[in-house]
Amino acid sequence: MSIAKRTALALAGLLLAATPTAALADGTAPGAGPDRAALDAAIAARPGDPTAGALARVTVDGRTWRGTADDPVSGQPVAPNTAFRIGSINKTFVAAVVLQLAAEQRIDLDGTVQQYLPGVLPDGAGGSPVYQPVTVRQLLDHTSGLPQAVEGPAGVKDGDHDGLIAQRFAIETFDEVVQRTLRPTDRPWPVPTAPGTEQEYNNFNYRLAGLLVERVTGHSLQQEVSTRILDPLHLRHTELTGGAPQMPEPHLTGYLDSNAGVPTDVSEQGGNSESMISTPADLDRFLRALFDGELLPPQQLHDLFTLPRDASGQLLPYHGTGDCQLGPDKGKACYSAGLLSLLLQDGTVVWGKTGHDLGYSGGYFATPDLRKRLVYSVGSSGGTPPQALRLAATVFGPFAR
């Protein structure tokens, strides 16, 4: 089971165990802001937590709490707004760029990958699998039916942390990920499932979305994200790394245990064309701008929060066991265009995204009115970060059963 799926299952278990109270879901009286004592306790390291530092930013009713947990390996404190690798949180940035291009009528969300990226998906020639038309919208909401992305250092077996550590500086272009996923040389070519019939979280959808942005605009994804989002919002501490391994100072140290169980600093690493670094304050600013419509017109903002449904209006089934396992729609689609939805007991839907890079587990979530927001990162990719689960339970309270 992937780290992301283990995180989702653990999050569900912890939040479902929360007890509703007469106060707000974060445990505070209305208008009182964050429960600082509870948040301090939530982020503090406990026995069984990963051997790594942590940081978080919480805003409730316009009041902000910033907290950290010291790095137990180095013994050094963690700065409240230090930088970290954001992993798949970058999907929200990519989705926002694609939706902006749709607003400019440069991309049709119901246009196909075959139209915008001719020749990328096999077409049956030479006995290859035949891929049905896959729309841009299906890439964004993970209903494409495409094979799971083949990524990471080639030749490294599952569980071989020493191999990952040794080869962590590798850089993967979009074209390389496409080749390894769709036209592998060491196994039969994968066969897709019918697009638009079910949802399954898949990094490959966003590798193709990033490649599509580059083909349509003639610019790198790095340039488009910077021009359209980072520069206008003055996100000076956020960047697409382009595979450059260096981390800015200060940064949260990311650790991966070696095969012998020794925490190893993997903060410096390569990555892919969408890899990003950010800070809690920058990610909070991005969330506010995104939800408030500062980045997207009304139609595209609607698309951002739309879950995929069938012709009768029913949510599509979710394929897998890690995600979409909360509330009355358990087992149904819970991802929209770059966002994950979670239902609270009071009927509020919390939107956000988790992200994992080698040595990092992070996420951000907010209520639609932005009254409650959480951004966090833990410097460990060894599994579910308990600090994050405790923080989420403190901020948002009980989720729907």
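These are my notebook entries on what I looked up in this structure, which is a predicted model.

**Entry 1: the cavity**

I began with enclosed space and found 1 cavity of 30 Å³ or more. About 70 Å³ of space lies inside the largest cavity. Which residues line the largest cavity? I listed His142, Thr143, Ser144, Gly145, Leu146, Thr193, Glu198, Gln199, Glu200, Asn202 and Asn205. Sorted by character, this lining has 8 polar residues, 2 charged and 1 nonpolar.

**Entry 2: Gln148 and its surroundings**

Next I went to Gln148, in the loop between α5 (136-140) and α6 (161-166). Is Gln148 buried, exposed or partly exposed? Its relative accessible area is 38%, so I noted Gln148 as partly exposed. Leaving out residues up to four places away in sequence, Gln148 touches Thr181, Glu200, Tyr201, Asn202 and Phe204. Two of these contacts, Glu200 and Asn202, had already turned up in my list for the cavity lining. I also checked one distance: Gln148 and Glu200 are 9.1 Å apart from C-alpha to C-alpha, with their positions 52 residues apart in sequence.

**Entry 3: the nonpolar cores**

I then turned to the nonpolar cores, and the largest has 71 residues. Which residues have the most contacts inside it? They are Phe93, Leu121, Leu140, Leu208, Ile229 and Phe286. Helix α3 (residues 90-103) gives this core its largest share, 9 residues. A second, separate core has 31 residues, including Tyr335, Leu391, Ala392 and Phe396.

I took a closer look at Leu121. Beyond four places in sequence, Leu121 touches Val113, Gln114, Tyr131, Val134, Leu146, Leu182, Arg183 and Leu208. Leu146 is a name I knew from the cavity lining, and Leu208 is on the list of residues with the most contacts in the largest core.

**Entry 4: helix α12**

How many residues of α12 are buried? Helix α12 (residues 386-396) is mostly covered, with 10 of its 11 residues buried. I wrote down the buried ones: Gln387, Ala388, Leu389, Arg390, Leu391, Ala392, Ala393, Thr394, Val395 and Phe396. Among them, Leu391, Ala392 and Phe396 also belong to the second core. After α12 comes Gly397, with a positive phi near 75 degrees.

**Entry 5: Ser377**

I looked up Ser377 and found it in strand β13 (residues 372-378). Its relative accessible area is 0%, so Ser377 is buried. What does Ser377 touch, not counting residues up to four places away in sequence? I found Gly53, Ala54, Leu55, Phe84, Leu252, Tyr360, Ser361 and Gly362.

**Entry 6: aromatic rings**

Last, I searched the whole structure for aromatic pairs and got 6. In one of them, the ring centres of Phe305 and Trp351 are 5.1 Å apart and the planes meet at 75 degrees, so I logged the pair as edge-to-face. The cut-off behind that call is over 60 degrees. This pair links distant parts of the chain, 46 residues apart: Phe305 is in the loop between α11 (298-304) and β10 (340-343), and Trp351 is in strand β11 (residues 349-357).

Are both partners buried, or is one partly exposed? Trp351 has 8% relative accessibility and counts as buried, whereas Phe305, at 23%, counts as partly exposed. The line for buried is under 20%.

I closed with the one aromatic cluster formed by Phe93, Phe286 and Tyr364. Phe93 and Phe286 were familiar from the list of residues with the most contacts in the largest core.

Terms used: Residues numbered from 1 in each chain as written. Predicted model: local features only at pLDDT ≥ 70, side-chain atom pairs only at ≥ 80, totals over all residues. Heavy atoms only, no water. 1 Å grid on protein atoms, 1.4 Å probe; cavity = no way out; pocket = protein on both sides within 12 Å on 5 of 7 lines; lining within 4 Å. Points joined across faces, edges and corners; volume = space filled by probe spheres on them. Nonpolar A, V, L, I, M, F, W, Y, C, P; charged D, E, K, R; others polar. Core = buried A, V, L, I, M, F, W, Y, C linked by side-chain atoms within 4.5 Å. Buried < 20%, exposed > 50% of the residue type's maximum accessible area, 1.4 Å probe, protein only. Helix = DSSP H or I, 4+ residues; strand = E, 2+ residues; numbered from the N terminus. Contact = heavy atoms within 4.5 Å. Phe/Tyr/Trp six-rings, centres within 6.5 Å; stacked < 30°, edge-to-face > 60°.
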